[in-house]
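Work through these exercises with the structure open beside you. Try each task before reading its solution.

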Amino acid sequence: MGRYIALVPAAGSGSRFGAPSPKQYLQLNGKPLMWHTLATLAAVAAIDEVAVVISPQDEWFDGFDWKLPKLAVYRVGGASRAESVCHGLEALAPADDDWVLVHDAARCCLSVAAVERLIATLDNHPVGGLLALPVPDTVKRADSQGQVGATVPRGGLWLAQTPQMFRAGLLSRALRGVAAADITDESSAVERLGSKPLLVEGDAQNFKVTYPRDLALARAILTARKGE
Ligand code: CTP
Ligand code: MG
């Protein structure tokens with residue numbers, strides 16, 4: 001039976017957030033933002049290793065005592081998220097039948113329950129899959145003037161989240177075959193091989209901290225969870 005490895009790309013600079021340090025290191029409820037991400041993954045019983053990929057130039061990671069079980073750090077981040085994931089996979093060198101769960105460091109409100117649901121649902125699945133959310137709102141396509149060009153039927157539309165979970169062999173093959181600039185998630189690389197990843201319903205709390213306004217929501221979610 002394959003192992004379960006969480007691979008967390010955390011080598012971004014957080015340019016849209018615009019803070020002095022990358023957003024994954026911002027203080028959130030007394031800890032760096034991505035401590036919450038890594039702690040959730042480490043708390044999933046099935047996960048054997050939590051591999052975080054940081055930039056070789058990272059100035060922040062060593063300044064904090066992470067005190068988390070299962071944590072391993074790889075200083076091999078690249079110029080894009082896809083490159084960081086690729087380099088991380090190469091450094092990890094997992095067995096082909098190991099499961100790899102790629103998860104954005106910036107999705108710090110991930111819940112243990114959602115990861116467990118993903119793992120349980122994909123048990124024995126031939127391809128793998130991802131957490132995603134059915135689009136709840138009415139969808140508009142803009143024209144070149146920013147006016148409504150069309151209303152797009154939302155049936156069958158999902159918003160992709162992470163973790164995205166694939167066998168290591170399939171994932172490496174998929175990522176090898178595409179230019180990093182052409183893909184924004186692992187699923188799209190796997191889809192290009194003709195495989196069909198499974199959509200597993202996630203939840204809206206698993207959003208990606210991108211802009212400063214997102215921090216208050218993340219803080220509220222984590223604080224409420226603590227009090228449960
Ligand atoms: N990431 C990475 N290596 C990169 C770029 C991004 O590991 N070269 C990681 C980020 O650290 C983040 C995840 O990929 O955890 C999702 O990326 P995103 O939210 O876009 O983060 P940033 O690229 O840091 O932010 P921005 O695009 O605003 O600069
Ligand atoms: Mg980015």
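**Exercise 1.** In this predicted model, decide whether Gln161 is buried or exposed, then find its side-chain partner.

*Solution.*
Step 1. Locate Gln161: it is found in strand E10.
Step 2. Take its relative accessibility, which is 5%.
Step 3. Apply the cut-off: buried means under 20% relative accessible area. Gln161 therefore counts as buried.
Step 4. Look for the partner. The side chain of Gln161 makes a polar contact of 3.2 Å with the side chain of Asn206.

**Exercise 2.** Stay in strand E10 and state which peptide bond is cis.

*Solution.*
Step 1. Find Pro163, which has its place in strand E10.
Step 2. Check the bond that leads from Thr162 to Pro163. Its omega is near 5 degrees.
Step 3. Name the form: this peptide bond is cis.

**Exercise 3.** Place Arg167 and classify its exposure.

*Solution.*
Step 1. Strand E10 covers residues 158–167, and Arg167 belongs to it.
Step 2. The relative accessible area of Arg167 is 24%.
Step 3. Partly exposed lies between the limits of 20% and 50%. Arg167 is therefore partly exposed.
Step 4. Add a distance. Arg167 and Gly129 are 38 residues apart along the chain, and their C-alpha atoms are separated by 9.9 Å.

**Exercise 4.** Do the work of Exercise 3 for Glu191: where is it found, and how is its exposure classed?

*Solution.*
Step 1. Glu191 is found in helix H5, residues 186–192.
Step 2. Its relative accessibility is 42%, so Glu191 counts as partly exposed.
Step 3. Now take Val127 as the second point. Along the chain, 64 residues separate it from Glu191. In space, the two C-alpha atoms are 9.8 Å apart.

**Exercise 5.** Place Arg213 and say whether it is buried or exposed.

*Solution.*
Step 1. Arg213 sits in the loop between strand E11 (198–201) and helix H6 (214–226).
Step 2. Its relative accessible area is 63%.
Step 3. Exposed means over 50%. Arg213 is therefore exposed.
Step 4. Compute the reach to Ala168, 45 residues away along the chain. The C-alpha atoms of Arg213 and Ala168 are separated by 35 Å.

**Exercise 6.** Classify Glu49 and name the side chain it contacts.

*Solution.*
Step 1. Glu49 is found in strand E4, residues 49–53.
Step 2. Its relative accessibility is 14%, so Glu49 counts as buried.
Step 3. The contact is with Tyr74: the two side chains are joined by a polar contact of 3.1 Å.

**Exercise 7.** Explain why helix H1 is described as largely enclosed.

*Solution.*
Step 1. Mark the helix: H1 is residues 33–42.
Step 2. Go through its residues. Among those that are buried are Leu33, Trp35, His36, Thr40 and Ala42.
Step 3. Take the total. Ten of the ten residues are buried, so H1 is largely enclosed by the rest of the structure.

**Exercise 8.** Describe the backbone and the exposure of Lys70 and of Asn124.

*Solution.*
Step 1. Lys70 is in the loop between E4 and strand E5 (71–74). Its phi is near 70 degrees, a positive value in a residue other than glycine.
Step 2. With a relative accessible area of 30%, Lys70 is partly exposed.
Step 3. Asn124 lies in the loop between helix H3 (112–121) and strand E7 (128–134). Its phi is near 70 degrees, again a positive value in a residue other than glycine.
Step 4. Asn124 has 67% relative accessibility, so it counts as exposed.

**Exercise 9.** Describe the surroundings of ligand 1: how many residues surround it, and which backbone atoms lie by its polar atoms?

*Solution.*
Step 1. Count the shell: 19 residues surround ligand 1. The closest are Gly14, Ser15, Arg16, Lys23 and Ser84.
Step 2. Sort the shell by type. It holds six nonpolar, eight polar and five charged residues.
Step 3. Turn to the oxygen atoms of ligand 1. A backbone N or O atom of Gly12 lies 3.0 Å from one oxygen atom. For Ser13, a backbone N or O atom lies 3.2 Å from an oxygen atom of ligand 1.
Step 4. Turn to nitrogen. A polar backbone atom of Gly78 is 2.9 Å from a nitrogen atom of ligand 1.
Step 5. Work out the cover. On its own, ligand 1 has 560 Å² of accessible area, and the protein covers 89% of that.
Step 6. Name the site: the space taken by ligand 1 is the largest pocket.

Technical notes
Residues numbered from 1 in each chain as written. Chains lettered and ligands numbered in written order. Predicted model: local features only at pLDDT ≥ 70, side-chain atom pairs only at ≥ 80, totals over all residues. Heavy atoms only, no water. Near = heavy atom within 4 Å. Polar contact = N/O pair within 3.5 Å; in protein donor to acceptor, adjacent residues only side chain to side chain. Areas by Shrake-Rupley, 256 points an atom, 1.4 Å probe, with all protein chains shown as cover. 1 Å grid on protein atoms, 1.4 Å probe; cavity = no way out; pocket = protein on both sides within 12 Å on 5 of 7 lines; lining within 4 Å. Sits in = over half its atoms within 2 Å of the grid points. Nonpolar A, V, L, I, M, F, W, Y, C, P; charged D, E, K, R; others polar. Helix = DSSP H or I, 4+ residues; strand = E, 2+ residues; numbered from the N terminus. Buried < 20%, exposed > 50% of the residue type's maximum accessible area, 1.4 Å probe, protein only.
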